[in-house]
Amino acid sequence: MLQLQVIREHKEAIVNALQKRGMDATPLVDEIILLDKKRRSSQSQLDTTLAESNMISKEIGMLFKTGKAQEANTLKNKITTLKEASKKLTETLNSTEEALQSLLYQIPNIPHASVPKGNTEEDNEEVFREGTIPKLHDKALPHWELAKKYDIIDFELGVKITGAGFPVYKGKGARLQRALIAYFLDKNTEAGYTEIQVPHLVNEASAYGTGQLPDKEGQMYHMPVDDLYLIPTAEVPVTNIFRDTIVNETEFPITYTAYTPCFRREAGSYGAHVRGLNRLHQFDKVEIVRVEHPNKSYEALDGMVDHIKNILRELKLPYRILRLCGGDLGFTAALTFDFELFSTAQDRWLEISSASNFETYQANRLKLRFKDESGKRQLAHTLNGSSLALPRVLAGILENCQTEAGIVIPDVLVPYTGFSIID
RNA sequence: AGAGAGGUGGCCGAGUGGUCGAAGGCGCACGCUUGGAAAGCGUGUAUACAUCAAAAGUGUAUCGAGGGUUCGAAUCCCUUCCUCUCUGCCA
């Protein structure tokens with residue numbers, strides 16, 4: 001959520017910047033400014049009214065003490081009018097604030113200056129590419145065929161137990177998955193991230209805190225009995241650790257990594273693009289989260305990008321990095337780099353990581369602040385990235401590392417898997 | 001799940017209808033003292049919103065959350081969440 005004060009003071013700049021997202025924010029912003037004016041004047045009026053009745057109440061107290069009950073009773077009548085007035089003002093204030101809040105929720109984050117204009121994925125800007133795309137043998141298969149051939153992932157079994165998009169990993173498939181999780185967590189820990197384990201269900205306040213609600217209502221699994229949501233990413237529970245907190249400036253940088261399953265309803269299409277592991281309702285992901293000083297957040301984002309690069313380098317997988325364009329940028333992000341893995345057998349790029357700086361957008365909702373040197377409170381910057389999302393990395397390994405003899409496990413993973421080939 | 005107790009500032013803890021944003025202590029910050037440190041002494045030490053160009057100041061709200069009673073609520077009533085103890089159930 002953008003800060004009201006910023007909207008008030010930089011209206012033009014905000015409207016201009018949001019055009020990059022293909023959005024004309026003028027009407028929204030205008031209404032917000034109007035409501036904000038109304039809110040402030042109601043606040044002032046209410047405050048004066050309450051101040052007056054507080055004063056009279058004190059007077060009444062004094063009068064009763066000194067035995068002047070009659071005079072006190074006269075004042076009581078006076079206060080009735082004030083009470084009615086303040087009740088009305090409270091109502092206006094509340095409804096104004098509510099309306100204002102819901103409008104504020106509708107404004108996405110302001111794209112960073114470096115974000116390219118554009119509406120679709122085509123307009124994303126490739127900023128880096130590395131790794132060699134392997135030449136596969138003639139009988140190379142897509143991962144869903146490989147999964148069947150080697151009996152390492154069973155999609156039909158998942159359908160039986162739960163439904164489409166809930167695969168069952170078996171044997172070396174399950175072991176490879178576990179190996180990847182352990183490997184990613186180890187790499188992240190080495191890079192200074194503190195490993196934590198968090199709940200996989202969150203309450204409504206947390207879902208609002210990181211911006212899944214109200215923007216992505218319907219994309220999360222909701223348990224109405226307890227009013228809890230299954231997490232779509234570890235970002236939600238991890239970032240919400242800092243909801244309603246004031247951290248000390250000296251604590252920066254705050255860095256966490258967490259492995260969790262992720263649950264997404266993903267009401268969407270069927271077909272080749274979502275086949276196999278390409279899109280799932282439940283998948284595993286290792287996430288990194290940072291809370292940073294505003295001066296350091298872009299440096300930190302670069303650091304995250306380098307860190308993820310290193311992992312992919314070690315795995316010897318071909319990948320590229322995209323700077324997302326305005327139209328493709330997530331609602332809450334100011335700048336996002338997507339990592340895409342090239343899947344030779346599918347002949348397409350698969351998104352495997354997304355590293356974003358949210359600047360103060362999340363922090364404002366979360367009320368995550370820090371005390372700066374002069375003791376003033378400021379909003380912190382939050383960042384997160386996948387390091388990494390499992391299914392498509394798995395798909396990439398299966399497809400890119402397949403040989404006629406079997407699937408050759410990348411060297412760095414062998415200590416984790418305990419085997420070097422799936423055959 | 002049943003019975004009981006309780007939720008007060010960074011922490012501990014007082015407060016059962018008026019002058020309480022809240023005693024006292026600890027912690028923390030600054031100053032004095034000291035060769036330096038400790039002790040000691042002094043001062044300060046919540047958040048949000050409004051007002052103001054800004055700071056200061058002032059006002060309002062906040063004692064888990066929401067609602068109610070009252071001229072007035074940390075204090076009384078209702079709802080709800082959470083914690084603890086005992087019993088039950090259970091990986």
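In this predicted model, Arg377 reaches the backbone of RNA strand B: an N or O atom of the Arg377 side chain lies 2.6 Å from a phosphate oxygen of the strand. Arg377 is also listed among the closest residues to RNA strand B, together with Arg39, Ser44, Lys65 and Ile79. Two further side chains approach other parts of the RNA. For Gln43, a polar side-chain atom sits 3.0 Å from a sugar or linking oxygen of RNA strand B, while an N or O atom in the side chain of Asp47 is found 2.8 Å from a base nitrogen.

Stepping back to the whole surface, 21 residues surround RNA strand B. Charged residues number 10 here, alongside six nonpolar and five polar ones. Helix α3 (26-65) contributes at least two of these residues, as do α4 (69-104) and β14 (368-371); the most come from α3, which supplies 13. On the RNA side, sugar or phosphate accounts for 74% of the strand B atoms within 4 Å of the protein, and bases make up the rest.

A look at Asn188 turns to the protein itself. Asn188 belongs to helix α7, which spans residues 172-190. Its relative accessibility is 0%, so Asn188 counts as buried, the cut-off being under 20%. The Asn188 side chain makes a polar contact of 2.7 Å with the side chain of His307. Beyond its neighbours within four places in sequence, Asn188 is in contact with His307 and also with Tyr193, Thr257, Val286, Ile288, Ile311 and Ser387.

How values were computed: Residues are numbered from 1 along each chain as its sequence is written. Chains are lettered from A and ligands numbered from 1 in the order in which they are written. This is a predicted model: local features need pLDDT of at least 70, side-chain atom pairs count only at pLDDT 80 or more; totals for chains, interfaces and linings use all residues. Side-chain values use heavy atoms; hydrogens and water are left out. Helices (H or I, at least four residues) and strands (E, at least two) are DSSP runs, numbered from the N terminus. Buried means under 20% relative accessible area, exposed over 50%, partly exposed in between (1.4 Å probe, protein chains only). A polar contact is a pair of N or O atoms within 3.5 Å; within protein, one must be able to donate a hydrogen and the other to accept it, and residues adjacent in sequence count only if both atoms are side-chain atoms. Contact means heavy atoms within 4.5 Å. A residue is near a molecule or strand if one of its heavy atoms lies within 4 Å of it. Ala, Val, Leu, Ile, Met, Phe, Trp, Tyr, Cys and Pro count as nonpolar, Asp, Glu, Lys and Arg as charged, and the others, Gly among them, as polar.
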